[in-house]
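Let's walk through this one together, a question at a time. Have a look at the chain first, and then we can talk about how its parts pack.

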Amino acid sequence: MTKPVLIVGGGLAGLFCALKLSPRPVTILAAAPLGAGASSAWAQGGIAAAIAEGDTPEKHTADTIAAGAGLVDAEMALGMAREAGDRVRDLLFYGVPFDKDLEGQLVQSREAAHSERRIVRVRGDMAGKAIMEALVDAVRRTPSITVHESESAEKLHLTAGRVTGVISRGPTGKARLFSGDQIVLATGGIGHLYAVTTNPVQSSGIGISMAAEAGAVIADAEFVQFHPTAIAIGRDPAPLATEALRGEGAIMVNKAGKRFMQVLHPDAELAPRDIVARAVFAELQAGRGAFLDCRTAIGARFADAFPTVDAACSSAGINPATDLIPIAPAEHYHMGGVLTDKAGRTTLPGLWAVGEVASTGVHGANRLASNSLLEAIVFAARIAEVIPAPLHSAPPVAFAAGPEILPDPETLDMLRQTMADHVGVIRTSLGLKTAIWTLADIEATAASPHLAAMARAALFIAAAAYDREESRGGHFRSDFPGPVPTLAHRSRLTVTELRTIVNAVLAGA
Ligand SMILES: Cc1cc2nc3c(=O)[nH]c(=O)nc-3n(C[C@H](O)[C@H](O)[C@H](O)COP(=O)(O)OP(=O)(O)OC[C@H]3O[C@@H](n4cnc5c(N)ncnc54)[C@H](O)[C@@H]3O)c2cc1C
């Protein structure tokens with residue numbers, strides 16, 4: 001009998017890969033119940049696909065390259081743009097109710113830094129929820145897919161340098177080993193390494209940490225995208241005011257009612273995210289406040305057009321039709337991750353990576369809005385096409401790994417605040433060294449393996465940011481404020497190279 005492929009993660013990347021593999025058997029481990037604990041379900045904008053008349057994959061690629069600040073792998077990006085139409089059709093087949101016009105054609109909207117209206121959406125800001133509902137339903141109806149929910153992977157099991165399983169903990173907290181020699185990592189992003197994030201708590205960077213510890217190469221770790229318009233009402237994770245609001249004409253003002261983006265960029269509020277995020281950060285640092293003003297552009301249509309944002313605002317007593325929405329930058333997306341080739345293969349035999357945990361090179365130093373859901377489905381489908389049948393796998397067995405130790409909240413807060421203060425929107429050499437000291441100490445002393453793994457993932461970001469002495473895309477160093485042409489290449493780090501950078505900093509070099 002064919003043995004199951006193991007997929008770690010139940011977001012869009014993991015579920016889409018499982019569905020594309022059907023009828024081949026698949027076992028999914030997901031840290032939360034399906035549909036929860038995944039950024040995918042929270043996506044508000046939609047999926048970029050150059051399928052409208054007059055639009056082309058080449059134009060989409062040109063926009064992707066422009067956003068990526070010199071580091072986009074053009075061949076990867078073009079390949080992705082070319083497959084967008086087929087993958088959106090797959091989603092329609094799985095039952096995703098994308099918005100259509102009266103003739104039954106997909107309706108597409110425009111988002112920041114896209115030269116065309118090319119985002120397929122669902123009822124304004126409901127894309128992620130609708131996509132995940134359809135996929136979860138399809139997965140539950142597919143007999144070849146077995147799902148273990150609330151099952152958190154902790155470590156990859158290795159035999160002679162190749163992956164042979166995943167050690168995880170289920171709802172009882174007991175460790176067990178899922179054996180398997182073809183493993184797809186789809187664990188999502190790193191948001192909870194930062195004090196302010198739009199990501200669910202499961203986005204803890206653990207996928208990067210597990211892969212690196214097993215020997216995989218991590219690429220572009222320093223490139224983190226901060227969303228400029230998280231809604232600043234003190235919630236963790238912070239709710240998001242989608243970019244589509246600015247696409248519809250919403251403006252940004254400070255507490256004096258002054259627009260601050262017009263003087264900074266010709267596209268004003270629709271400038272690339274990193275520029276907008278730094279501007280919001282600067283207004284907040286200067287005590288001038290930062291707000292999204294949707295009153296004129298959207299006004300009374302708000303609740304119908306953007307129900308998710310409306311609900312988040314209402315929970316804090318804000319009515320976006322008549323009130324300003326307070327905003328702050330928040331960790332939103334990680335361009336870096338586990339290095340893969342165009343088929344989703346990592347550098348470690350038997351290990352594949354897809355979705356936000358992967359680094360395919362399509363985003364370069366900064367992601368173009370709505371390209372991440374697209375990347376997840378394009379590369380998940382490619383993995384499903386080429387991944388070999390596993391030679392070996394077995395049902396889960398108890399594994400001797402000691403009792404589960406949860407992160408202690410104070411140290412976790414310290415980790416997240418350190419990342420926000422020193423590895424965030426604006427970085428400096430001194431701040432990054434401070435972060436490396438703190439994170440290395442947490443990694444070495446944490447009683448909780450999960451916390452140590454988070455610290456390791458955070459160290460990859462801090463060390464790569466320290467190493468890159470320039471500013472580019474999502475990575476801004478106030479001590480090196482411009483791009484350096486000779487540094488226009490992607491970064492790669494193994495865990496051994498990470499240790500070299502960390503040890504040099506600790507030694508005061
Ligand atoms: C608020 C918000 C809005 C966004 N809007 C858009 C948008 O409009 N368009 C767009 O293209 N992108 C958007 N993004 C980004 C996009 O949603 C994500 O990049 C994408 O959904 C990532 O998909 P994924 O499957 O890789 O990860 P996720 O959807 O985050 O799924 C990861 C899965 O792995 C599981 N997991 C994590 N750790 C473990 C573990 N140790 N063991 C087992 N399972 C684990 C999680 O529980 C989850 O099931 C948005 C992101 C956010 C947060």
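Q: Which residues of the largest nonpolar core touch the most other members?
A: Happy to start there; this is a predicted model, where local features need pLDDT of at least 70, side-chain atom pairs count only at pLDDT 80 or more, and totals for chains, interfaces and linings use all residues. Residues are numbered from 1 along each chain as its sequence is written. A nonpolar core is a set of buried Ala, Val, Leu, Ile, Met, Phe, Trp, Tyr and Cys residues joined through C-beta atoms within 7 Å, and buried means 20 or more other C-beta atoms within 10 Å of a residue's own, with C-beta atoms placed from the backbone. Of the 167 residues in the largest one, those touching the most other members are Cys17, Val354, Phe460 and Ala462.

Q: Which helix gives the most to this core?
A: Helices here are DSSP runs (H or I, at least four residues), numbered from the N terminus. With 14 residues, the top contributor is helix α13 (residues 449-467).

Q: Where does this core lie with respect to the two domains?
A: The domain bounds come from an automatic or database domain assignment. Domain 1 (228-329) and domain 2 (401-506) each give residues to the core, so the core lies between them.

Q: How far apart are the C-alpha centres of domain 1 and domain 2?
A: The two domains are in contact (C-beta atoms, placed from the backbone, within 7 Å) through 5 residues from domain 1 and 5 residues from domain 2. Their C-alpha centres are separated by 29 Å.

Notes. Buried ≥ 20, exposed ≤ 12 C-beta atoms within 10 Å, placed from the backbone. Helix = DSSP H or I, 4+ residues; strand = E, 2+ residues; numbered from the N terminus.
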